[in-house]
Amino acid sequence: MTAQPADLFRPELDVVPPERQRRWTVLLRILLLIPHFVVLWFVSIAAAVVVIIGWFAALVLGRLPDWIAEFLNLYIGYQTRVSASQLLLVDRYPPFLLDEPDYPVRVYLRPGELNRWAVLFRIVLVIPAAVVSAVVAHGWAVLAFFIWLVVLVLGRTPRPVFDATAAVLRWSYRTNAYFYLLTGAYPRMLFGEAKAEENPPRQSPGTRPLVMSKGGRVLLVVFIVLGVLGLIGNGAVQTTYPPYDHYPEDVQYAAPF
């Protein structure tokens with residue numbers, strides 16, 4: 001595979017944490033986001049069709065047509081804003097589809113030239129990044145109830161929780177951007193660009209760059225361990241059950257009369 005240019009733009013995610021979270025919105029977060037989940041489901045169907053068209057176009061042109069890039073950019077941004085709210089990174093209700101200039105979740109993408117060989121094999125190349133994304137997301141899900149309970153009780157997201165969760169979201173965002181051909185830059189830097197030992201004051205107002213606290217890095221490792229164990233456990237459980245035949249041949253049905 002051709003090496004990536006050193007100046008290739010990597011998608012950036014900037015999440016500005018709130019000082020406080022309203023407890024009632026934390027309590028009802030999933031219910032409040034149901035309308036967004038419905039809209040996202042419909043938009044995701046359209047995005048699946050558009051990315052297939054974009055894949056053929058990128059093979060010929062070496063880039064996505066502008067209208068396809070704009071639609072997929074809108075979809076990825078909307079998905080990321082909803083996910084940030086679902087993961088308790090922000091308290092403000094996400095806007096539908098279109099971005100708001102002052103919303104605390106910002107995505108930065110620069111669709112451009114693409115390597116045709118990388119486009120051709122994109123669904124294969126994305127697998128390692130997708131596996132990492134599945135592992136950390138599964139690990140977060142294992143602890144989701146406890147994270148929700150901590151934020152509900154404290155009325156805020158502790159910095160280690162925020163840092164680790166932001167890292168999970170940013171990796172997922174970068175993986176999606178790569179899969180949807182919005183960038184040629186492969187996802188990197190799961191643990192952020194820098195370390196901030198002993199939780200000093202944040203070096204930037206958001207996650208661009210992502211400066212991970214020591215507690216955040218430890219919690220992210222916990223996500224990875226729990227995610228690996230959980231996925232292995234799920235696979236082992238599924239293999240212990242034989243395929244279930246809903247209509248075995250030896251079942252005799254009684255006559256209606």
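Nine aromatic pairs turn up in this structure, that is, 9 in the count, where rings of Phe, Tyr and Trp (its six-membered ring) pair if their centres lie within 6.5 Å, planes under 30 degrees apart being stacked, over 60 edge-to-face and the rest tilted. Take W117 and F121: their ring centres are 6.2 Å apart and their planes sit at 5°, so this pair is stacked. F179 and Y180 have centres 5.2 Å apart with planes at 90°, so they pair edge-to-face. Y75 joins F179 and Y180 in one aromatic cluster.

A word on the ground rules. This is a predicted model, in which local features need pLDDT of at least 70 and side-chain atom pairs count only at pLDDT 80 or more, while totals for chains, interfaces and linings use all residues. Residues are numbered from 1 along each chain as its sequence is written, and side-chain values use heavy atoms, with hydrogens and water left out.

How covered are these rings? Buried means under 20% relative accessible area, exposed over 50%, and partly exposed in between (1.4 Å probe, protein chains only). W117 is exposed at 60%, and F121 is partly exposed at 42%. F179 is partly exposed at 32%, whereas Y180 is buried at 12%.

Two arginines also sit over rings, meaning NZ of Lys or CZ of Arg within 6 Å of the ring centre and within 35 degrees of the ring normal. R122 puts its charged end over Y178, 3.9 Å from the ring centre. R208 does likewise over the face of Y108, at 4.2 Å.

On to charge pairs. Side chains of opposite charge can pair when their charged atoms come close. With a salt bridge taken as a side-chain nitrogen of Lys or Arg within 4 Å of a carboxyl oxygen of Asp or Glu, the count is 11. Here are some of them:

| Acid (relative accessible area) | Base (relative accessible area) | N to O distance |
|---|---|---|
| D66 (48%) | R63 (29%) | 2.9 Å |
| D99 (35%) | R81 (4%) | 3.8 Å |
| E100 (29%) | R92 (31%) | 2.7 Å |

Shared partners also join E12, R170, R174 and E193 into one salt-bridge network. Back in the table, D99 forms its salt bridge with R81. That pair links distant parts of the chain, 18 residues apart: D99 is in the loop between helix 4 (66-86) and strand 2 (105-108), and R81 is in helix 4. Helices (H or I, at least four residues) and strands (E, at least two) are DSSP runs, numbered from the N terminus.

What about helix 9? Its 21 residues (159-179) should span 30 Å at 1.5 Å a residue, and the end C-alpha atoms are 30 Å apart, which agrees; the expected span is 1.5 Å times one less than the number of residues. Helix 9 is mostly covered, with 17 of its 21 residues buried. Just after helix 9, L181 takes a positive phi of about 65°.

Finally, the surface carries a nonpolar patch made of W24, L27, L28, L31, I34, V38, W41, F42 and I45, together about 930 Å² of accessible area. Patch residues have over 30% relative accessible area and no salt bridge, with nonpolar side chains (Val, Leu, Ile, Met, Phe, Trp, Tyr) joined within 5 Å. Helix 1 (23-27) and helix 3 (34-61) each supply at least two residues, and helix 3 gives the largest share, 5 residues. F42 lies in helix 3 and is exposed at 52%.

Key
Patches are made of residues with over 30% relative accessible area and no salt bridge: like charges are joined within 9 Å, nonpolar side chains (Val, Leu, Ile, Met, Phe, Trp, Tyr) within 5 Å. Accessible areas come from the Shrake-Rupley method with a 1.4 Å probe; for residues, only the protein chains shown count as cover.
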